[in-house]
Amino acid sequence: MGEVIIRGGRIVTAVDDYVADILVKDGQIEAIARHLPNSDAEVHDASGLMVLPGGVDVHTHMEFPLGSAETCDTFETGTRSAAFGGTTTIIDFALQKQGETPKQALDRRLALAEPQACVDYGFHIILTEVTPESLSELPDLINQDGVSSFKMFMAYPGVLMVDDAGIFRTMRKVGTHGGMVNLHAENGGVIQVLIEEALAQGNTSPKYHALTRPSIMEGEASHRAIRLAELAEIPVYLVHLSAKEALDAVVEARDRGISAFAETCPHYLFLTIEEYDRPDFDGAKYVMTPPLRDHTCQHALWRGLKFDDLQIVSTDHCPFCFSERPFGIHRSKQLGQGDFSQIPNGAPGVEFRVPLLYDGGVGGGKISLNRFVQLTSTAPAKMFGLFPQKGAIAVGSDADLVLFDPQKPHILSASTHHSNVDYSLFEGRQVTGKVEKVFLRGELVVDGDRWLGKPGNGRYQKRSASGRVI
Ligand code: DUC
Ligand code: ZN
Ligand code: ZN
């Protein structure tokens, strides 16, 4: 690859804000200077634009099995959609299937992603069977395969849930090797009782998804997760935190010096439980887990982002089409017609994270510009062992760069997004701030509406330790 110069952009990182030129060589940042001389390099004029480090989304599910359903984005379509939204690295999941070892799960997902990925990628492994054999593989997965984070579910009994003993055993094992445990923190047993009660009373509509997953049960499980990690003396990371009660548990622990971390997602920041009042089956589009919460929770989440009680904004991009065509009922919300508990749990979002957080967060006066970069790029890279290769604009870092027009309005819509999914949570919403060009390791992959990337150009990222204080 030839050299590239990005000229005269406003470079915004988690700590910096200045105008300069960037020289890219062999996919990495070679030099940053007030003015770089002309050369044979391909020049991109960035005057009037911000230059941001490529977004890092640490929570996505591409062609991912969830119960009898499967998400509708392939690694190719999902990562292309990510790129259009200014995200150049994702961390997806390798789910340990019944009878499979964690390493087998990883190898299976690597083989699927490798020929398709359009942006760089890593994996968390989801452990569902905490056996001596599974545990014995974890040190090599961390030290050789570059997987330093392991997710477990405290919900979905009989399907994905791991009990407290299994979680604690895993924490003990990975903690000594630089690993971290990520938890889906909801009290699965209690939720199951509430679901059964609701269905027995004939309450089958999407709204009951939210009513059977109360925020105090997210708070309870979050508190339990943190206490287990405290005893095991390892960092813990709560995924898709939505409830004030859960955030309170994180704040309380952090105040005591415990390494408790958490992410939230744009849908919890911009949408509330009222979405489930939509007529017919439309509320199913908003069935993700945890469900959308009330305004009190939303207000608490914004406060948490501002004061670093929450460290990361990820998407939990877990798309299922609304319609069963063209990808089939198993990739569709229609699976849950007549029974909310059968609606596939998940919603799309990988393409809209950066513009939404810029518009609503920075534009809305809720977070600073540097904090926006920290939350969408630098902190996720640091938290999950990708920094300083990712999450930075610095000499020697990968030239994953986003040219962002902070003034440009555009409308978020399924008719223009690049995911396979047939709806948007944010349909018709106007935001100010648009991704104009995206470079993946120095290669221009997005140029306005044009796609220039190639499937298979994304590279697997072996990660170093997770959960070191960021
Ligand atoms: N948790 C996730 O992280 N994603 C999809 C569904 C779920 O419960
Ligand atoms: Zn989850
Ligand atoms: Zn998820």
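Here are three short exercises, with worked solutions, on a predicted model.

**Exercise 1: a zinc site**

Find the protein donors of the zinc ion (ligand 3), and work out which parts of the chain His61 and Asp316 tie together.

*Solution.*
- Step 1: Begin at the metal. His59 (NE2), His61 (NE2) and Asp316 (OD) are its protein donors, at 1.9 to 2.1 Å from the zinc ion (ligand 3).
- Step 2: Read the donors along the chain. Their spacing is H-x1-H-x254-D.
- Step 3: Place two of them. His61 sits in the loop between strand 6 (55-57) and strand 7 (65-66), while Asp316 sits in the loop between strand 15 (312-313) and helix 11 (353-363), so this pair ties together parts that are 255 residues apart in sequence.
- Step 4: Check their cover. Both His61 and Asp316 are buried.
- Step 5: Look for the other metal. The zinc ion (ligand 2) is 4.4 Å from the zinc ion (ligand 3).

**Exercise 2: a charged patch**

Decide whether Glu30 is buried, partly exposed or exposed, and name the residues that form a patch with Glu30.

*Solution.*
- Step 1: Locate Glu30, which belongs to strand 3 (residues 28-33).
- Step 2: Its relative accessible area is 40%. Partly exposed covers the range between under 20% (buried) and over 50% (exposed), so Glu30 is partly exposed.
- Step 3: On the surface, Glu30 joins Glu3, Asp26 and Asp40 in a patch of negative charge.

**Exercise 3: apart in sequence, and in space**

Classify Leu412 as buried or exposed, then give its separation from Arg429.

*Solution.*
- Step 1: Leu412 is part of strand 16 (residues 401-412).
- Step 2: With a relative accessible area of 1%, Leu412 is buried.
- Step 3: Leu412 and Arg429 are separated by 17 residues in sequence and by 5.5 Å in space, C-alpha to C-alpha.

Terms used. Residues numbered from 1 in each chain as written. Chains lettered and ligands numbered in written order. Predicted model: local features only at pLDDT ≥ 70, side-chain atom pairs only at ≥ 80, totals over all residues. Heavy atoms only, no water. Patch = residues over 30% accessible without salt bridge, like charges linked within 9 Å, V, L, I, M, F, W, Y side chains within 5 Å. Areas by Shrake-Rupley, 256 points an atom, 1.4 Å probe, with all protein chains shown as cover. Salt bridge = Lys/Arg side-chain N within 4 Å of Asp/Glu carboxyl O. Lys, Arg positive; Asp, Glu negative; His and termini not counted. Charge placed at Lys NZ, Arg CZ, Asp CG, Glu CD. Helix = DSSP H or I, 4+ residues; strand = E, 2+ residues; numbered from the N terminus. Buried < 20%, exposed > 50% of the residue type's maximum accessible area, 1.4 Å probe, protein only. Donors = N, O, S within 2.8 Å, 3.2 Å for Na, K, Ca; no water.
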